Amino acid sequence: MTRYLVGKLAESLLAIWGVVTIVFFVSRVLGDPAVLLLPVGAGQQDLDALRASLGLDRPILEQYLISVLAMVRGDFGISFQHQRPAMDVVLERMPVTATLAGTALLFGTLIGAVAGAIAALKRGTISEFIVMVAALLGQATPVFWLGIMLILVFSVDLGWFPTGGSGTIAHLVLPGLTLSVFVSASIARLLRSSLLDIMREDYVRTARAKGLLPRTVFFWHIARNALIPVITMIGIIAGELLGGSVVIETVFAWPGVGRIIMQAIQAQDFPVIQAGVALVAAIFIVVNLLVDLLYGVLDPRIRRR
Amino acid sequence: MKAFFLALLKSRAGLFGFLLVSVFVLAAILAPYLGLPVPTRSNLLARMVAPTWTGLFSPGAHPLGTDELGRDILSRIVHGSRITLAIAAAAVILGGIVGTLLGIVAGYYRGMVDRVLMRIVDIQLALPLMLLALLVVAALGPSTRNLVIVLALTSWLRYARIIRGQVLALREREFILSAHAIGAGTWRIMLKHLLPNVMTPALVIATLELARIIIMDAALSFLGLGVQPPNPSWGRMLADGRVYISTAWWIVTFPGIAILLTVLSVNLLGDWLRDHFDPKLRTMR
């Protein structure tokens with residue numbers, strides 16, 4: 001187990017390094033931030049001085065080595081735009097993004113799990129049909145359009161909730177609902193097909209044949225195994241949502257991590273881009289490591305490996 | 001082929017998806033010949049006309065209304081589908097070819113090649129697709145070609161992972177071992193013996209990827225990084241129409257329904273293809 005964990009940790013660090021490297025070199029193609037930062041018509045001397053002070057005049061490989069070594073020490077540089085440590089700029093937005101991600105995950109998973117279980121257990125009934133049609137529609141709906149439609153109905157027509165911004169529970173309702181629909185649709189479909197697969201297994205038949213209560217068979221033999229692919233998916237969705245959904249944050253003017261990274265890309269604020277993407281990648285990797293550990297809890301066969 | 005269509009006829013969802021996809025593709029191909037108004041011609045006297053269904057066939061009818069510049073929304077949606085579907089199809093084909101070939105190479109050679117490739121997949125998985133797309137489009141500049149490249153870039157790894165797994169199992173089978181024994185070259189084995197055997201899962205992934213890519217393309221256009229105006233694109237129509245949400249609901253509603261129906265029908269078809277050819281792929285995404 002320890003060896004497995006150490007191996008996973010090494011893989012994770014390698015992945016974060018890879019992400020940082022790709023982002024470093026792609027972002028250098030964006031353009032020259034000095035031109036954006038200085039007023040139009042600034043002289044060549046001013047441009048050169050600013051480039052030198054930002055360290056942008058050195059050879060690209062040297063810049064890369066300097067910034068990677070700094071990142072290892074936890075130093076992501078100073079934001080060009082905000083003149084503050086880049087990681088602080090990103091971390092400040094984290095609670096807002098985490099609130100939205102947490103809400104969507106909580107409600108989305110609950111609704112999706114109940115709907116998926118109903119669809120699998122009531123096979124061939126009208127309940128299954130309704131759940132599956134709703135889930136198919138939910139998966140086919142572009143989230144940003146759903147968000148706009150909810151604003152149209154609940155903010156513009158009914159005036160119940162604000163159209164955008166953050167701060168109160170009322171602000172959270174519409175973006176939370178939008179993302180929940182997406183989360184629950186994916187989970188309902190996956191849980192249903194996963195449950196149906198497991199119900200066909202020999203050991204489930206054995207468990208029924210030896211006279212176990214249907215409830216016991218469902219929770220101890222079926223659900224435990226059917227949950228494994230579902231948990232993988234929840235992990236992936238959680239990682240994505242915690243990285244900030246750029247489009248949903250744009251639709252609802254939600255000041256989260258996704259938007260700050262997008263603004264940094266537009267402003268060619270290299271330190272903030274790097275800090276943001278490194279943070280988002282690290283969150284994704286940690287969430288998926290936790291998911292890996294959860295497999296062991298659910299399935300003792302994995303624990304022993 | 002005949003057996004395929006007979007099986008398709010038996011599945012209501014699959015058939016519905018297939019028919020709807022066919023209608024959309026036909027509409028996209030035939031768009032210039034359908035007698036629709038020019039999608040880029042504005043008419044300032046007919047701005048934000050609400051949808052009306054009386055006198056549908058008279059000239060100047062706008063069954064889905066007009067936008068803020070008086071352009072016919074139905075025509076823009078139909079013409080927009082040409083661009084959207086062409087971009088999505090090109091991205092699916094490009095991503096599918098690259099991903100499938102890399103998957104075969106990784107599964108066949110195993111060892112170092114496989115490890116390096118799978119690490120690259122891990123790295124890309126940790127980088128949210130939307131951020132990667134935003135960054136690359138911002139770096140390369142928004143154009144149709146770059147959009148295809150970016151969308152393919154977000155797609156190849158899904159093929160690579162699944163195809164690699166299939167090849168790992170296939171390479172131990174007798175027909176591959178005997179191809180080895182009679183002295184077939186590596187490329188011959190990969191292209192003539194392995195590739196045909198992974199075409200079915202690749203096709204299933206491609207259909208499901210098509211749906212995801214259509215949504216992602218719309219999202220990028222919505223953020224202003226897709227097809228540039230005045231060419232109609234569904235995501236762009238949504239972004240522009242959002243401003244007029246309180247006065248003209250139809251501008252922002254109909255392009256979204258177009259995306260929804262297209263993605264729904266492609267998904268239905270893809271689900272059916274998967275269940276028909278390879279049910280095991282269901283929990284492997």
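## Confidence in chain A

Chain A of this predicted model has a mean pLDDT of 83, where pLDDT is the predictor's confidence in each residue, from 0 to 100. In chain A, 98% of residues reach 70 or more. Confidence peaks in helix α6 (residues 94-121) of chain A, at a mean of 90. It is lowest in helix α15 (residues 300-304) of chain A, at 61. Where pLDDT is low, the predicted coordinates should not be read in detail.

Residues are numbered from 1 along each chain as its sequence is written, while chains are lettered from A and ligands numbered from 1 in the order in which they are written. Because this is a predicted model, local features need pLDDT of at least 70 and side-chain atom pairs count only at pLDDT 80 or more, but totals for chains, interfaces and linings use all residues.

## Two domains in chain A

The domain assignment splits chain A into domain 1 (2-75) and domain 2 (94-304). Such bounds come from an automatic or database domain assignment. The centres of domain 1 and domain 2 of chain A, taken over C-alpha atoms, are 33 Å apart. Their contact takes 15 residues from domain 1 of chain A and 13 residues from domain 2 of chain A. Two residues are in contact if their C-beta atoms, placed from the backbone, lie within 7 Å.

On the domain 1 side, α1 (2-28), α2 (33-37) and α4 (60-72) of chain A each give two or more residues. Helix α1(A) gives the most, with nine residues. By class, this side of domain 1 of chain A has ten nonpolar, four polar and one charged residues. Ala, Val, Leu, Ile, Met, Phe, Trp, Tyr, Cys and Pro count as nonpolar, Asp, Glu, Lys and Arg as charged, and the others, Gly among them, as polar.

## UniProt annotations on chain A

An unreviewed UniProt entry lists "domain: ABC transmembrane type-1" for residues 94-295 of chain A. That span is 84% helix and 0% strand, and its end C-alpha atoms lie 28 Å apart. Helices (H or I, at least four residues) and strands (E, at least two) are DSSP runs, numbered from the N terminus.

The unreviewed entry also carries the annotation "transmembrane region" for several spans of chain A, including 168-191 and 272-298. Residues 168-191 of chain A are 96% helix, with end C-alpha atoms 33 Å apart. Residues 272-298 of chain A are 100% helix, with end C-alpha atoms 39 Å apart. UniProt annotations may be inferred rather than shown by experiment.

## The build of chain B

Chain B has eleven helices and zero strands. Its C-alpha trace spans about 75 × 45 × 30 Å along its principal axes. Of the contacts in chain B with a separation of 6 or more, 72% join residues 24 or more positions apart.

Of the 285 residues of chain B, 46% count as buried. A residue is buried if 20 or more other C-beta atoms lie within 10 Å of its own, exposed if 12 or fewer, and partly exposed in between, with C-beta atoms placed from the backbone. Helix α8 (residues 174-181) of chain B has zero of its eight residues buried, so it lies largely in the open. Just after α8(B), B:Gly183 takes a positive phi of about 90°.

## Where chain B meets chain A

In this interface, 32 residues of chain B are in contact with 42 residues of chain A. On the chain B side, α4 (111-126), α5 (129-140), α9 (186-222) and α11 (249-277) each give two or more residues. The largest share, eight residues, comes from α11(B). This side of chain B divides into 24 nonpolar, four polar and four charged residues.
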